[in-house]
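Could you open the model in your viewer and keep the sequence panel at hand? We will go from stop to stop, with something to select at each one.

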Amino acid sequence: MIRKQNSITEKRILVDVNPYRTRVVLLEDGAPVEFYMERRDNERLVGNIYKGRVQNVLPGMFAAFVNINAEKNAFLYAGDIKPASSLLEGEQIEGKLTPSMICDIVKPGQDIMVEVVKEPIGTKGARVSTQVSLPGRMLVFMPTVDFIGISKRITNDTERKRLKKIVSEVLPMGSGVIVRTAAEGQDDDSIRQDLQALVDEWHVIRKRFKEGRSPCLIHKEDSLIFRIMRDTFSSSVSKLIVNDRAQYDLIRSIADESQRERTEYYDGPDLFERNGIEQAIDAALSRRVWLKSGAYIVIDQTEALTSIDVNTGKYVGNVSLDRTIVETNKEAALEIARQLRLRDIGGIIIIDFIDMIDDHDKRDVIATLSEALKNDRTKTVVLGMTQLGLVEVTRKKLGANISGALQMSCPYCGGTGKVLSPETVAMRIRRDISKRMKDDPEETSYSITANPAVIRLINEHSEEEYMMLPELGRMNITLKSDPSMHMEEYKVKNI
């Protein structure tokens, strides 16, 4: 049974605190749709503001690298530089940047204020921008941009005009603001206070920039708990449950009256296990996701893009082939939308739905996907279906997804997901023995230790080996099977 997207959704937030990390999950009708984690030894960088020092400028890449006192220099793309920004020291240039101008805007050794907009991933450092934004509960203050924006989720024209009027009356000249969904229905004073607090915060940041010695951190983004309270714990969330008394007290100390009434302390064992979250997290790390109908989707992630394939699996339908395909695709569309949010998959996403002939059915499936993605707070765009029948989606990428946060590359396969076959390892052993025989013709006894599958294969083909290499028949070769050895590992010793 596919839940209708326009039905009222019951939302809850679960917070699991343990000695290693803090984990937060947002549930919609009991199903996890968003997952956040903060390690004690690896704090988030996005939102941090630094007084950085330009390390080098690369006109050919239309970019610069900035030392922010991190493991790797941050990447500053020219499109993320505001030419007339007061955050840059020295002469300023008005207008749009061109590749030849970047050397005039930033120079090696120059101090510059930057905000991290994307976490470091793999071998890449953080991505930064000079266009600072300070998020509050109801507003996002942008001190370097002359702009007023209203959340698209606020659809009432009268309310949009009211909110725009409130902020325009108190917004400092030359700065900008985005009015968040949480501001809808709030009184004028609350909105003004939120903006004033952000303006005061900006003054503190500028003071630290002038006084600090680069590279240094001049503003730290709030912890996960604070971000959840600010960005996620809205009026649509019925309850927040936390299993740590200290964090419960902290949440209540920063919550408003309505939030305090909806905050609950859980004193029992395994909060996530009891609510089925651990199983959902494990499933989110799996390549294959089964649907209730018996169909399934396969999610493959690469550095360039994510591909998602839809299959009917065990689902045979009960009306007609066409209806079976459409119903499978619509069910898959809902699950894909959930998986994108839960796994926090960003970048380019290509979805290969089961082929449909009727254009109305295609539009119906795409509409289902688009509607399901409306609840996604991360900017997501459904670009439509290509001539090959593939649906293209883009989703803003800020950092490591759930796989990057919870998994590491396999130390055996290097992240490829594959290891050498027993045949390939047996061939390597054969070459090793042949080389040893050539280097030392007097040696006649060898011991070979390897994985049982490799040893079994060598035994099965020993007679053929002796026929092809008669000199092997004169050797004393002892084969030893070791189940603890990796498939690619083997040892050859003289005995």
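Start by selecting β17, residues 296–301. In this predicted model, β17 gives three residues to the lining of the second largest pocket, the largest share of that lining. Now add β18 (305–311), β19 (347–352) and α11 (402–406), which along with β17 are the elements that give two or more residues to the lining. The pocket they help to line has a volume of about 1,500 Å³.

To find the middle of this pocket, show I121, T302, E303, K397 and N401 as sticks; of the 47 lining residues, these are the closest to its centre. What classes of residue does the lining of the second largest pocket have? Colour the lining by class and you should find 17 nonpolar, 19 polar and eleven charged residues.

Keep K397 on screen and select T380 as well. The two residues are 17 apart in sequence, and their C-alpha atoms are 9.9 Å apart in space. T380 belongs to strand β20, which covers residues 380–385. Leaving aside residues up to four places away in sequence, T380 touches L373, V393, T394 and R395.

Next come three pairs of helices. Begin with α9 (residues 321–343) and α10 (residues 359–372), whose axes come within 8 Å and cross at roughly 20°. At that angle, α9 is roughly parallel to α10. The crossing in which α9 passes α10 is right-handed. To see where they meet, select R323, V326, N329, K330, A333, L334, I336 and A337 on the α9 side, then D361, D364, V365, T368, L369 and A372 on the α10 side. Sorted by class, the residues of this contact are eight nonpolar, two polar and four charged.

Move on to α2 (residues 157–170) and α3. Their axes come within 10 Å and cross at roughly 45°. That angle makes α2 oblique to α3. Here too you are looking at a right-handed crossing. Which residues of α2 and α3 meet? From α2, pick R162, L163, I166, V167, E169 and V170; from α3, pick D188, I191, R192 and L195. The contact divides into six nonpolar and four charged residues, with no polar ones.

The last pair is α12 (residues 422–439) with α13 (residues 452–460). Their axes come within 9 Å and cross at roughly 70°, which means that α12 is roughly perpendicular to α13. Turn the view to check the hand: the crossing of α12 and α13 is right-handed. The α12 side of the contact is made by P422, E423, V425, A426 and I429, and the α13 side by A453, V454, L457 and I458. By class, this contact has eight nonpolar residues and one charged residue, and no polar ones.

Finish with two spots in the backbone. Most residues other than glycine have a negative phi, and most peptide bonds are trans. With that in mind, select D29, in the loop between β2 (21–28) and β3 (31–39). D29 is not a glycine, yet its phi is positive, at about 55°.

Then go to P215, in the loop between α3 (188–211) and β13 (216–219). Is the peptide bond from S214 to P215 cis or trans? Display the backbone atoms of both residues and look along the bond: the peptide bond is cis, with omega near -5°.

Note on methods. Residues numbered from 1 in each chain as written. Predicted model: local features only at pLDDT ≥ 70, side-chain atom pairs only at ≥ 80, totals over all residues. Heavy atoms only, no water. Axes fitted to C-alpha atoms, helices over the stretch in contact; angles between N-to-C directions. Helix = DSSP H or I, 4+ residues; strand = E, 2+ residues; numbered from the N terminus. Parallel < 35°, antiparallel > 145°, perpendicular 65-115°, else oblique. Left-handed = near helix turned anticlockwise from the far one by under 90°. Contact = heavy atoms within 4.5 Å. Nonpolar A, V, L, I, M, F, W, Y, C, P; charged D, E, K, R; others polar. 1 Å grid on protein atoms, 1.4 Å probe; cavity = no way out; pocket = protein on both sides within 12 Å on 5 of 7 lines; lining within 4 Å. Points joined across faces, edges and corners; volume = space filled by probe spheres on them.
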